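Good morning, everyone. Today I'd like to walk you through one structure, first inside a chain and then between chains. Please have a look at it on the screen.

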There are 2 protein chains.
Amino acid sequence: MPKDRAPTRIQKKNRAAILDAALNVFSAHGFRGSTVDQIATEAGLSKPNLLYYFPSKEAIHTALLSGLLDVWLAPLHDLDEAGDPMEEILSYIRRKLQMSRELPRESRLFANELVQGAPRIHDALSQDLKQLVDEKTAILKQWMDEGKIAQVHPYHLIFSIWALTQHYADFDVQVRAILGDEDPFEGAEPFIDTLYRKLLSP
Amino acid sequence: MPKDRAPTRIQKKNRAAILDAALNVFSAHGFRGSTVDQIATEAGLSKPNLLYYFPSKEAIHTALLSGLLDVWLAPLHDLDEAGDPMEEILSYIRRKLQMSRELPRESRLFANELVQGAPRIHDALSQDLKQLVDEKTAILKQWMDEGKIAQVHPYHLIFSIWALTQHYADFDVQVRAILGDEDPFEGAEPFIDTLYRKLLSP
DNA sequence: CGTGAGTTTGACCAGATGGTCAAATCAAGA
DNA sequence: TCTTGATTTGACCATCTGGTCAAACTCACG
């Protein structure tokens with residue numbers, strides 16, 4: 001393992017290659033189902049070489065998850081108290097759906113982790129995530145109290161958005177098995193848009 | 001492995017114990033993350049004893065999945081063309097939500113499999129499941145054309161029901177991390193009910 | 001260039017894991 | 001009770017897997 005100076009050109013390149021390879025492998029097979037060798041090969045390195053950059057399989061996984069958590073939560077973070085309620089929410093939903101389309105690996109990485117009880121990110125859930133959600137549901141509640149959107153359970157509103165949007169990334173195989181050639185997102189966007197307009201119209 | 005006569009008392013008991021144990025273990029850790037030893041211990045058997053009843057880990061998994069698929073799809077199967085449209089759909093949703101509450105292991109078993117690309121049940125998806133969904137969406141389409149419920153994309157309507165209801169089983173940890181002590185289903189039921197009433201009212 | 005830090009690798013290890021097998025034990029009907 | 005098929009198990013095996021290590025190699029810079 002290199003010293004703690006500024007990373008060299010090679011270090012930057014290889015670390016990035018490893019994390020990208022790890023995202024491919026972990027999101028497709030889960031933590032336990034992935035092997036260090038797979039990740040190394042995918043990154044174009046030998047196993048010992050990979051372990052020169054990260055001390056263990058677990059360390060790669062942790063680095064990946066914590067590095068992506070911010071990206072993953074950014075859309076909710078951007079929900080703006082000062083904006084137009086309906087537009088803010090619909091724009092949040094659109095961004096989430098777009099992330100399912102463009103970052104399905106990231107979605108499945110978290111899905112894999114969550115469905116197995118989140119053994120490695122439990123803390124982030126009950127701290128950072130909970131705090132963010134509490135903060136944003138407070139805004140939703142306020143909008144509801146002001147009559148700007150319909151009164152619904154704010155936490156379940158958030159859950160429903162997560163469920164509906166991430167479904168298309170996480171259960172992609174199933175969706176495609178049923179839709180055939182039709183692009184899932186083509187129909188999903190207007191469907192979800194309509195759904196929330198009807199639900200939230202005051 | 002026993003002859004192909006009628007199963008003995010012991011065979012019935014042990015096979016059932018193995019499948020129940022396998023459901024616990026596979027749903028919590030996924031296929032690759034589960035070990036035969038874990039399942040055997042959970043079933044109260046030694047590993048070789050377990051392998052006397054099922055020829056391999058894969059065979060247990062397959063038996064489990066195919067045995068549960070019918071249970072899992074029963075509510076959709078029961079969607080009745082002759083019933084009242086809104087009531088039929090809402091009752092389907094209620095049953096799905098109840099299954100997430102009462103059979104979360106089953107939900108997570110399928111979720112684990114699907115999120116990893118369904119390597120072991122791909123056929124069932126694009127055949128049995130697709131056929132069932134095609135059949136039922138035809139009914140939905142008809143109801144829409146008759147003006148009994150609002151016009152929405154019928155496939156995405158089904159997807160949304162799956163996503164919203166199974167979310168509470170599959171991502172249970174996350175939901176509980178955010179809701180704290182509050183019972184998730186307490187708030188989920190009225191929320192989802194309202195959501196679909198508003199969406200589908202003609 | 002030459003040198004020292006940074007990088008890469010072949011060989012290797014220990015433990016986990018899926019699966020086998022022959023021998024021992026048990027259960028139920030004749 | 002005796003016999004035969006069903007059941008159970010300890011010992012074992014081959015492979016996979018995460019991880020180590022010393023030696024070899026490469027690169028940047030004085």
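Let's start with the domains. The assignment splits chain A into domain 1, residues 9-55, and domain 2, residues 62-200. Keep in mind that this is a predicted model.

How far apart are the C-alpha centres of domain 1 of chain A and domain 2 of chain A? The answer is 28 Å. Where they touch, domain 1 of chain A puts in 10 residues and domain 2 of chain A puts in nine residues.

Now the area. Domain 1 of chain A and domain 2 of chain A bury about 840 Å² between them. Carbon and sulfur atoms give 66% of that. Which three residues supply the most on the side of domain 1 of chain A? They are Leu23(A), Ser27(A) and Phe31(A), with 57% of the area that this domain buries against domain 2 of chain A.

What about charge? There is one salt bridge between domain 1 of chain A and domain 2 of chain A. Find Arg105(A) and Asp20(A) on your screen: their side chains meet in a salt bridge, at 3.4 Å from N to O. Three residue pairs are in polar contact between domain 1 of chain A and domain 2 of chain A. By class, the touching side of domain 1 of chain A has six nonpolar, three polar and one charged residues.

Next, the two chains. Turn chain A by 180 degrees, with a shift of 0.0 Å along the axis, and it lies on chain B with an RMSD of 0.0 Å. That is the relation of a two-fold axis. Which C-alpha of chain A is nearest the axis? That of Ala163(A), 2.6 Å from the axis. Both copies use the same surface: 100% of the contact residues of chain A recur in chain B.

The contact takes 52 residues from chain A and 52 residues from chain B. Together the chains bury about 4600 Å², and 70% of that is on carbon and sulfur atoms. How many salt bridges are there between chain A and chain B? Zero. But 17 residue pairs are in polar contact between the chains.

Which helices build this side of chain A? Those that each supply at least two residues include α1 (9-33), α6 (104-115) and α7 (122-145). α8(A) gives the most, with 11 residues. Overall, the side of chain A that touches chain B divides into 28 nonpolar, 18 polar and six charged residues.

Thank you.

Methods:
Residues are numbered from 1 along each chain as its sequence is written. Chains are lettered from A and ligands numbered from 1 in the order in which they are written. This is a predicted model: local features need pLDDT of at least 70, side-chain atom pairs count only at pLDDT 80 or more; totals for chains, interfaces and linings use all residues. Side-chain values use heavy atoms; hydrogens and water are left out. Domain bounds come from an automatic or database domain assignment. Contact means heavy atoms within 4.5 Å. Buried area is the accessible area (1.4 Å probe) that two parts lose on being put together, summed over both. A salt bridge is a side-chain nitrogen of Lys or Arg within 4 Å of a carboxyl oxygen of Asp or Glu. A polar contact is a pair of N or O atoms within 3.5 Å; within protein, one must be able to donate a hydrogen and the other to accept it, and residues adjacent in sequence count only if both atoms are side-chain atoms. Ala, Val, Leu, Ile, Met, Phe, Trp, Tyr, Cys and Pro count as nonpolar, Asp, Glu, Lys and Arg as charged, and the others, Gly among them, as polar. Copies are superposed by least squares on the C-alpha atoms of residues with pLDDT of at least 70 in both. Helices (H or I, at least four residues) and strands (E, at least two) are DSSP runs, numbered from the N terminus.
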